[in-house]
Amino acid sequence: MNNRISTLNNRENKFNKFIENIPFSGYKLGPGLYIVDIPENYFNNIFHTAKQFLSKVITRKSVLLGDAELYDAINSDEFSAIECITPSGMILPKIYSSIEYNLLMKSFYDLMKDININVESWYSIMPLRYKAAYKENYKPGIQYSHELHLDSWTGFSNFAYCAFMPIIGDISNNYIEFWEPISGIDESWISGFKTISERNSILNNFKKIDFKLSRSQLAFADSYVVHKTNILPGAGPRIGIDNLFRPQWAASLAHIENLHRNSDLRSHLELTDIGIKSYYDFIDDDSARRPSEGGLKSPVGFNYIQLK
Ligand SMILES: [Fe+2]
């Protein structure tokens with residue numbers, strides 16, 4: 001068998017095992033790419049706790065903004081100027097939003113626990129990302145996100161998977177575009193830094209999938225699934241969770257990944273125990289600046305508290 005096809009098949013076997021016990025409805029969209037319909041109660045929890053956290057970020061008060069009010073706020077120029085939002089769009093938890101962020105994390109990891117997937121660890125505690133509304137001549141803050149890319153090219157493991165989940169905003173016009181291999185993959189495409197010409201020649205082996213994630217859907221994607229952020233002219237902002245992790249099957253393998261990425265890993269057991277055994281005490285105020293090592297290290301400051 002062609003080497004690229006057998007490499008893809010090996011990856012597929014692992015990925016198919018990874019998704020086989022998911023108890024919710026879903027379907028395979030392409031190789032290494034699975035779409036889950038999130039049950040209403042789980043999505044509502046995530047949506048509601050995200051609203052609670054964002055309301056705190058916007059107003060600094062313990063109030064809950066209505067849907068329209070919240071959308072107007074995240075669609076305003078003032079929103080991206082809020083100090084806890086990084087130039088690349090990460091909305092960081094701070095001292096004043098610690099409880100709200102723990103609740104949001106809990107609602108996400110409750111879903112990750114009940115969805116029955118075998119995960120070893122997650123990169124960073126959980127990133128909440130903001131993708132601003134369409135702007136002409138927009139220069140994106142993240143190096144790769146608006147261009148077709150693999151996350152492994154930015155230092156994540158060659159065996160990492162990603163959970164993509166839009167939560168709030170203009171989900172149908174500001175979305176992730178996925179691409180699939182045309183005929184097989186080569187492992188060398190996945191790991192390590194690539195020059196622009198290397199990237200372009202790798203990307204020639206993929207074709208676009210005509211698909212957008214809907215509200216209350218999430219995608220699990222293997223690290224070879226090429227993707228990019230797409231913001232159509234006139235699109236509004238989007239907020240969501242794109243959270244990378246190491247599947248359990250790869251726990252004993254030698255991962256090719258950046259050391260800063262590696263040092264941010266947190267165990268699945270710890271994260272799925274939020275509110276039971278775990279609490280993350282976010283310790284920074286808005287003025288704190290942590291070294292991001294060129295965007296490779298999580299800028300979130302916290303103490304991990306074991307509750308019992
Ligand atoms: Fe990405």
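This report walks through a predicted protein model, with most of the attention on helix α2 and its surroundings.

Some ground rules come first. Because this is a predicted model, local features need pLDDT of at least 70 and side-chain atom pairs count only at pLDDT 80 or more, while totals for chains, interfaces and linings use all residues. Residues are numbered from 1 along each chain as its sequence is written.

## The whole chain

The protein chain holds 9 helices and 13 strands. Helices here are DSSP runs of H or I with at least four residues, strands are runs of E with at least two, and both are numbered from the N terminus. Measured out along its principal axes, the C-alpha trace spans about 60 × 50 × 40 Å. The radius of gyration is 19 Å, which agrees with the value near 19 Å for a compact globule of 308 residues. That radius is taken over C-alpha atoms, and the globule rule is 2.2 Å times the number of residues to the power 0.38.

How much of the chain is buried? Buried residues make up 39% of the 308. A residue is called buried if 20 or more other C-beta atoms lie within 10 Å of its own, exposed if 12 or fewer do, and partly exposed in between, with the C-beta atoms placed from the backbone. As for contacts in the protein chain with a separation of 6 or more, 83% join residues 24 or more positions apart. Two residues are in contact if their C-beta atoms, placed from the backbone, lie within 7 Å.

## Helix α2

Now to α2, which covers residues 40–59. Its 20 residues reach 28 Å from first C-alpha to last, close to the 28 Å expected at 1.5 Å a residue; the expected span is 1.5 Å times one less than the number of residues. Several of its residues are buried, among them Y42, I46, T49, A50, F53 and V57. The cover over the buried residues of α2 includes α3 (67–74), α5 (98–114), β5 (161–169) and β10 (238–247).

## Two helix partners

Which way does α2 run relative to α5? The axes of α2 and α5 come within 8 Å and cross at roughly 160°, which makes α2 roughly antiparallel to α5. Y42, N45, I46, T49, A50, Q52, F53 and K56 of α2 make this contact with E100, Y101, L103, L104, S107, F108, D110 and L111 of α5. The axes are lines fitted to C-alpha atoms, for helices over the stretch in contact, and angles run from 0 to 180 degrees between N-to-C directions.

With α3, the packing angle is about 55° and the axes are 11 Å apart, so α2 is oblique to α3. Angles under 35 degrees count as roughly parallel, over 145 as roughly antiparallel, 65 to 115 as roughly perpendicular and the rest as oblique. On the α2 side, K51, L54, S55 and I58 meet L70, A73 and I74 of α3.

Both α5 and α3 are passed by α2 in a left-handed crossing. A crossing is left-handed if the near helix is turned anticlockwise from the far one by less than a right angle, and right-handed if clockwise.

## A few residues to look up

S107 sits in helix α5. Leaving aside residues up to four places away in sequence, S107 touches N45, I46 and T49. The C-alpha atoms of S107 and D77 are separated by 29 Å, with their positions 30 residues apart along the chain.

I239 belongs to strand β10. With the same sequence neighbours left out, its contacts include A50, I74, L128 and I167. I239 and I91 are 148 residues apart in sequence, but 9.3 Å apart in space, C-alpha to C-alpha.

I115 is in the loop between α5 and β3, and it touches I22, F24 and V36, not counting residues up to four places away in sequence. From I115 to P23 the C-alpha distance is 6.3 Å, across 92 residues of sequence.

N116 is also in the loop between α5 and β3 (119–123). N116 is not a glycine, yet has a positive phi of about 65°. R60, in the loop between α2 and α3, is not a glycine either and has a positive phi of about 60°.

Here is how these residues come out on burial:

| Residue | C-beta neighbours within 10 Å | Class |
|---|---|---|
| S107 | 21 C-beta atoms | buried |
| I239 | 23 C-beta atoms | buried |
| I115 | 21 C-beta atoms | buried |
| N116 | 12 C-beta atoms | exposed |
| R60 | 11 C-beta atoms | exposed |
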